[in-house]
Amino acid sequence: MSTNLASQLSLNHGGRILLAVMDGVGDIPIPEFGGLTPLEKAETPNLDKLALGGALGQQFPVGRGITPGSGPGHLALFGYDPVKYLVGRGALAALGIGFQLQHGDLAARINFCSLGDGEVILDRRAGRISTELCTELVEALKHITIPGVEVFVEPVKEHRACVIFRGAGLSESIHDTDPGLVGEKPLPVTATAPGAERAVEVVRQFIGKASLILKDKTPANGLLLRGFALHEALPTLTDRFKLKPAAVALYPMYRGVASLAGMAQYQSDPADLTGEIQAAKNALKDGKDFVFLHHKYTDSSGEDGDHKRKVAEIEKFDKAVPGLLECGFDVICITGDHSTPCPMKLHSWHPVPVLIHGGPQRTGWSRRFTEREAASGALGTFQGYELMSLLLAAAGRLAKFGA
Ligand code: ZN
């Protein structure tokens, strides 16, 4: 189903919705747990209660067999078809460090590298320099000025940084300058399509000036640019679904994706689930009617392959459920942005369990919030971006289609 229909039918009144995301929560059977998944192994009395009175299903964030990044995974949960609304890698890098991108900004990832005689690349990552050294180099690059554009350079981690150019007439149709190999020179800045002349000129000037600044540094005496992405502002959740949305997330990347969707940011103090619950309450007090709350550590434990820690993180989230219920939301949804199975230590294409509690739900047989129960739940299997219309409907925020 197209999300445009939900957009056309959406009302500017109705219930208040909580979208709580346990990042990477979906998993696969763990041999050490006798074939149970972390969700099945975890003791989750509070989630179990929600499952009993709610409806379960599972969603594919992007599509069947497609492994999503967290950016597209979240955009889908916010009701955007992530294949239609693309956010480039450079833009995601900028969002990941909390940089507020504006419409028309051109962002790219920087890798500091080591160059030898004749500008030949010796190490594409400059020996993975420390983040401190990266920050120092970035400070030096911040002095670069280019007529007609604003230049922002920001450190990311180790040898990685990003650059954002702000000005009229920029384009993302630029080849990476990283040849992907050692023993070669960085590639010249060239366009991949007509109309990118201005952007090519700006990036050439930047690289020229940066090279002069870096040439005597060691071990990072050069830089490679890749993932050029022109940021296009998305229609917000207010534009699309008449919501007053808020985000409660501890990590900049998720705050960034939420701000793309037009969510107001609420700070958590302390920076844990207790603080996040308080922030959600504050958002409701301010009249917000949609709150996105993010729990990161289910994903990090999955990526570390630490299934016991993932169980502990799920149980920690379960203990926060009563606090979330007290906030006064009319509809509560618990899901993830993708699966991160511990045995794979990576994001995966597996569907993600969804639980919706509140509103007139058709409950199924589900007794627990687990992958297996979700697979046979009343909501069935659907596309991630369809979740938003289910939430709006449960909150009484969608009008009837047709007479
Ligand atoms: Zn994620």
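Reader: In this predicted model, how close do the axes of helix α5 and α9 come, and at what angle do they cross?

Author: The axis of α5 (residues 89–96) comes within 7 Å of that of α9, and the crossing angle is roughly 115°.

Reader: What makes the contact of α5 with α9?

Author: On the α5 side there are L92, L95 and G96, which meet P252, M253, G256, V257 and L260 in α9. A residue counts here if its heavy atoms lie within 4.5 Å of the partner. By class, this contact has six nonpolar and two polar residues, with no charged ones. Gly is put in the polar class, and G96 and G256 are among the residues in contact.

Reader: Why are α4 and α9 called oblique to each other?

Author: Helix α4 covers residues 70–77 and helix α9 residues 252–260, and their axes cross at roughly 45°. Angles under 35 degrees count as roughly parallel, and the roughly perpendicular range is 65 to 115. The value of roughly 45° falls in neither class, so α4 and α9 are oblique. The crossing is right-handed, and the axes come within 10 Å.

Reader: Which residues of α4 and α9 make the contact, and how many of them are charged?

Author: S70, G71, H74 and L75 come from α4, while M253, Y254 and V257 come from α9. Four of these residues are nonpolar, three are polar and none is charged. His is not on the charged list, which holds Asp, Glu, Lys and Arg, so H74 counts as polar.

Reader: Why are α3 and α12 oblique to each other?

Author: The axes of α3 (residues 45–53) and α12 (residues 307–326) come within 7 Å and cross at roughly 55°. That angle is over 35 and under 65 degrees, so the pair is oblique. P45, N46, L47 and L50 of α3 are in contact with F317, D318, K319, V321, P322 and L325 of α12. The classes are seven nonpolar, one polar and two charged; Asp and Lys belong to the charged class, so D318 and K319 are the charged residues.

Reader: How do you know that the chain has a domain 1 and a domain 2, and what area do they bury between them?

Author: The domain assignment gives domain 1 as 3–87 + 234–394 and domain 2 as 92–230. Their C-alpha centres lie 35 Å apart. Eight residues from domain 1 and six residues from domain 2 take part in the contact. About 560 Å² is buried between the domains, 75% of it on carbon and sulfur atoms. On the domain 1 side, V87, P252 and M253 lose the most area, together 58% of what that side buries.

Reader: What makes the bond between T218 and P219 a cis peptide bond?

Author: Its omega is about 0°. P219 sits in the loop between α7 (197–214) and β7 (222–230). Another cis peptide bond joins D269 and P270, again with omega of about 0°, and P270 is in the loop between β9 (264–265) and α10 (273–285). Most peptide bonds are trans.

Reader: Why is the phi of E158 noted?

Author: Most residues other than glycine have a negative phi. E158 is not a glycine, yet its phi is positive, about 50°. E158 lies in the loop between β5 (150–157) and β6 (160–166).

Definitions and conventions:
Residues numbered from 1 in each chain as written. Predicted model: local features only at pLDDT ≥ 70, side-chain atom pairs only at ≥ 80, totals over all residues. Heavy atoms only, no water. Axes fitted to C-alpha atoms, helices over the stretch in contact; angles between N-to-C directions. Helix = DSSP H or I, 4+ residues; strand = E, 2+ residues; numbered from the N terminus. Parallel < 35°, antiparallel > 145°, perpendicular 65-115°, else oblique. Left-handed = near helix turned anticlockwise from the far one by under 90°. Domains from an automatic or database assignment. Buried area = accessible area lost by both parts, 1.4 Å probe.
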